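Trainee: Please take me closely through one part of this model, and then show me how that part sits among its surroundings.

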Amino acid sequence: MADSPPADVRSPLRRRLLLLLPLALFLALVVLFYGRLFSGDPSRLPSVLIGRPAPALDLPPLEGLARDGAPVPGLPAGAIATGEVTVLNVFASWCVPCRDEHPFLVQLSQMPGFRLVGLNYKDEAGNARRFLGTFGNPYAAVGVDANGRAAIEWGVYGVPETFVIGRDGRIAYKYIGPIDADGLRSRLLPEILKAGAALPSPPAPVPAGG
């Protein structure tokens, strides 16, 4: 029978294993977290705020931003009013995916029946103005979240994100990631309708030969 290692050898080995155990558990948790975070469609990640009243906002306007010759308002207390559907888009000029989704926000802003507003996240005012001046301003109001506190209260994972707030003032839907053509048509617009927006019906197809 082979001899067992001396006690003075076993003791340091046991200490090393005990020191490595927390690290191994931590790495396992990291792998599990990222596996769940990036598995499937990220735009369908749930939000604990769904069905709850929208967190209060009290954000100043983006200084110097105008629309049709008038200053664009911020998002003060009471900006998310009950009785109307509001779509809140979180954006920043430094966010590359925000540029990809912006044409679809412009398209969305041309539809009646709801209000589209922007939350400018941790941005420089001049850069944000140039961004909207270059790509167009689809927002009826823009609130500046300079320190990111409002985004934390809204449970924002990253930029861009879009929230649908129903007529009852509760968050009805959360769209994570940049809006694209399919996301606008098959996910966001149906949720805006479900929240109570009076969107116009699509035109009826023209009969063949007519």
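**Helix 3 and its surroundings**

Mentor: K122 is partly exposed, with a relative accessible area of 42%, on a scale where buried means under 20%, exposed over 50% and partly exposed in between (1.4 Å probe, protein chains only). Before we go on, please keep in mind that this is a predicted model, in which local features need pLDDT of at least 70 and side-chain atom pairs count only at pLDDT 80 or more, while totals for chains, interfaces and linings use all residues. Residues are numbered from 1 along each chain as its sequence is written, and side-chain values use heavy atoms, with hydrogens and water left out.

K122 belongs to the loop between strand 4 and helix 3, where helices (H or I, at least four residues) and strands (E, at least two) are DSSP runs numbered from the N terminus. The phi of K122 is positive, near 45 degrees, in a residue other than glycine. For background, most residues other than glycine have a negative phi, and most peptide bonds are trans.

D123 lies in that loop too, with strand 4 covering 115-121 and helix 3 covering 125-135. D123 counts as buried because its relative accessible area is 13%. Its side chain is joined to that of N120 by a polar contact of 3.0 Å, a polar contact being a pair of N or O atoms within 3.5 Å; within protein, one atom must be able to donate a hydrogen and the other to accept it, and residues adjacent in sequence count only if both atoms are side-chain atoms. Beyond its neighbours within four places in sequence, D123 is in contact with A92, S93, W94 and A128, where contact means heavy atoms within 4.5 Å. W94 is 29 residues from D123 in sequence, and their C-alpha atoms are 7.5 Å apart in space.

Within helix 3 itself, the residues G126, A128, F131 and L132 are buried. Among the elements that cover the buried residues of helix 3 are strand 3 (86-91), helix 2, strand 4 and strand 5.

Helix 2 deserves a closer look among these. The axes of helix 2 and helix 3 come within 11 Å and cross at roughly 55 degrees, the axes being lines fitted to C-alpha atoms, for helices over the stretch in contact, with angles running from 0 to 180 degrees between N-to-C directions. That angle makes helix 2 oblique to helix 3, because angles under 35 degrees count as roughly parallel, over 145 as roughly antiparallel, 65 to 115 as roughly perpendicular and the rest as oblique. The crossing is right-handed, meaning that the near helix is turned clockwise from the far one by less than a right angle, whereas an anticlockwise turn would be left-handed. On the helix 2 side the contact is made by C98, R99, H102 and V106, and on the helix 3 side by F131, L132 and F135. By class, this contact has five nonpolar, one polar and one charged residues; here Ala, Val, Leu, Ile, Met, Phe, Trp, Tyr, Cys and Pro count as nonpolar, Asp, Glu, Lys and Arg as charged, and the others, Gly among them, as polar.

Past the end of the helix, G136 comes just after helix 3 and takes a positive phi of about 100 degrees. N137 then sits in the loop between helix 3 and strand 5 (141-145), and N137 counts as buried at 18% relative accessibility. A polar atom of the N137 side chain lies 3.0 Å from the backbone nitrogen of Y139. Leaving out residues up to four places away in sequence, N137 touches L65, R67, V72, L132 and V142, and L132 is one of the buried residues of helix 3.

Helix 2 also has a second partner, since helix 2 (residues 96-109) packs against helix 5 (residues 181-194) at an angle of about 40 degrees, with the axes 11 Å apart. That angle makes helix 2 oblique to helix 5. F104, Q107 and L108 of helix 2 meet A181, L184, L188, L189 and I192 of helix 5, a contact with seven nonpolar, one polar and no charged residues.

Stepping back to the whole protein, there are five helices and seven strands, and 39% of its 210 residues count as buried. Of the contacts with a separation of 6 or more, 72% come from residues 24 or more positions apart.
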